[in-house]
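Reader: Please take a close look at one charged pair in this model. Then place it in its wider setting, in plain terms.

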Amino acid sequence: MSVFNSPSFDSHELVAFKNDPRSGLRAIVAIHNTALGPALGGCRMFPYASPELAVEDVLRLSRGMSYKSALAGLPLGGGKAVIIGDPATMKSRSLLLAMGDFIEGLNGQYITAEDSGTSVADLKIIGERTAYVSGIMDGSQFGGDPSPYTAQGVFYGIKAAMAFRHNENSLQGVRVAVQGAGSVGRYLTKLLIAAGAEVFIADVNAANLSLAQTMGAIPVPVADVLGLAVDVLAPCAMGAVIDEQTVGLINAGIVAGAANNQLAMPIQGEQLRQRGILYAPDFVINAGGIIDVYYQRAEDSSNSSAAHVERIGDTLQEIFARAEKTGVATAQIAEQLAEEIFLPPVKTAAA
Ligand code: NAD
């Protein structure tokens with residue numbers, strides 16, 4: 001398969017490949033769109049079964065970042081990096097330094113950050129070779145970790161959805177099922193419980209589940225969480241959780257969580273709409289992390305970042321209202337809105 005023919009290529013501006021036999025680095029940087037500013041997106045390390053799968057993943061993720069940053073109101077484009085390899089066995093200082101050289105060679109068109117398989121510590125090593133790294137600010141409240149901001153954004157998103165659907169501004173007594181008690185899931189649990197919500201939580205990892213329990217969340221079996229009769233389902237584990245099989249199981253009026261790419265296929269957005277379930281598009285509600293990463297780069301992770309994250313709720317309200325008015329799925333409306341922001345208008349013959 002050629003890169004240009006990939007279904008996720010979608011007019012990428014640049015795709016760069018790096019092979020460094022000395023360190024074992026094999027990496028790809030994809031830059032989807034820089035109309036609004038330099039492309040910012042995480043650096044993922046994963047043992048892809050083939051280079052083709054790595055290409056497909058980096059293109060899909062990079063495209064998603066253009067949409068996420070546009071709707072988050074950031075002066076950033078969309079990009080992403082992947083390193084092919086097992087982070088548990090193949091990550092080394094020399095490999096990370098070589099990644100830094102690779103990013104530096106792109107002259108600031110792409111700015112990297114942490115993602116699955118890379119940590120703040122890894123990003124600091126990459127940052128020894130390039131200035132184009134974000135999310136490593138020591139002085140920031142959480143030492144560069146974007147998860148608390150992502151959780152905060154999801155919390156505002158849940159509030160916006162409750163206000164839109166039920167005209168309800170309080171989360172007191174609201175029942176929320178959280179799938180995944182990882183970094184974001186646990187921060188979200190803390191916020192929800194402090195706001196008076198009742199939180200049910202499931203995780204395949206017993207240690208993470210018990211940490212959430214100590215915060216007051218009620219554990220439920222992994223197999224039951226999607227079908228729980230609750231007000232809000234918050235997927236905070238993995239992608240493609242809403243597919244042809246699971247879309248019919250959901251027993252919540254609202255789906256609003258942090259996981260990336262929650263819909264296996266776009267049609268699931270329409271199926272949720274037809275079932276009367278209000279879906280908060282993932283790339284809108286989970287933008288808190290990228291917003292904070294942007295402010296860290298601007299060396300201002302204080303009040304402005306928090307106020308900016310709060311605006312996620314306003315953006316969602318606008319999407320919900322447009323979707324209701326037009327009878328179109330919220331995910332599709334969100335994509336249209338983003339494209340209105342980052343794509344240049346098509347010139348007509350008369351123009
Ligand atoms: P994490 O790895 O810390 O937590 C994920 C949790 O989900 C883990 O505890 C894992 O055991 C659990 N899990 C995996 N499979 C599961 C299953 N089948 N059922 C129940 N639990 C399961 O990740 P995170 O940083 O908390 O991120 C959660 C999700 O949000 C991911 O999809 C991530 O891509 C997305 N996201 C995170 C951020 C961020 O700032 N961390 C930003 C945007 C999007």
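Author: In this predicted model, Asp-115 and Lys-80 form a salt bridge, with 2.7 Å between their closest N and O atoms. The two residues are 35 residues apart and link distant parts of the chain. Lys-80 sits in strand 4, which covers residues 77-84, while Asp-115 is in the loop between strand 5 and helix 4 (120-126). Side chains of opposite charge can pair when their charged atoms come close. A search of the whole structure finds 12 salt bridges.

Now for the domains. The protein chain is divided into domain 1, made of 3-61 and 76-126, and domain 2, which spans 147-339. Both Asp-115 and Lys-80 therefore belong to domain 1, since their numbers fall within its 76-126 segment, under bounds that come from an automatic or database assignment. Taken over C-alpha atoms, the centres of domain 1 and domain 2 are 27 Å apart. Their contact involves 6 residues of domain 1 and 5 residues of domain 2.

How is the contact made up? The size of an interface is often given as the accessible area lost when the parts come together. Between domain 1 and domain 2 that area is about 450 Å², and carbon and sulfur atoms give 74% of it. On the domain 1 side, Leu-40, Leu-76 and Ile-111 supply 65% of the area buried against domain 2, more than any other three residues. The rule finds 0 salt bridges across this interface, and likewise 0 residue pairs in polar contact, counting pairs with both residues at pLDDT 80 or more. Helix 1 (51-71) and strand 5 (110-114) are the elements that give two or more residues to the side of domain 1 touching domain 2. Strand 5 is also the strand that precedes the loop holding Asp-115. By class, the touching side of domain 1 has 5 nonpolar residues, 1 charged residue and no polar ones.

The ligand has a different set of neighbours. It is surrounded by 22 residues, of which Thr-150, Val-184, Asp-203, Asn-208 and Ala-237 come nearest. A backbone N or O atom of Val-184 is 2.8 Å from a ligand oxygen. Asn-208 places a side-chain N or O atom 2.8 Å from an oxygen atom of the ligand. For Asn-260, a polar side-chain atom lies 3.0 Å from a ligand oxygen.

Notes. Residues numbered from 1 in each chain as written. Predicted model: local features only at pLDDT ≥ 70, side-chain atom pairs only at ≥ 80, totals over all residues. Heavy atoms only, no water. Contact = heavy atoms within 4.5 Å. Buried area = accessible area lost by both parts, 1.4 Å probe. Salt bridge = Lys/Arg side-chain N within 4 Å of Asp/Glu carboxyl O. Polar contact = N/O pair within 3.5 Å; in protein donor to acceptor, adjacent residues only side chain to side chain. Helix = DSSP H or I, 4+ residues; strand = E, 2+ residues; numbered from the N terminus. Nonpolar A, V, L, I, M, F, W, Y, C, P; charged D, E, K, R; others polar. Near = heavy atom within 4 Å.
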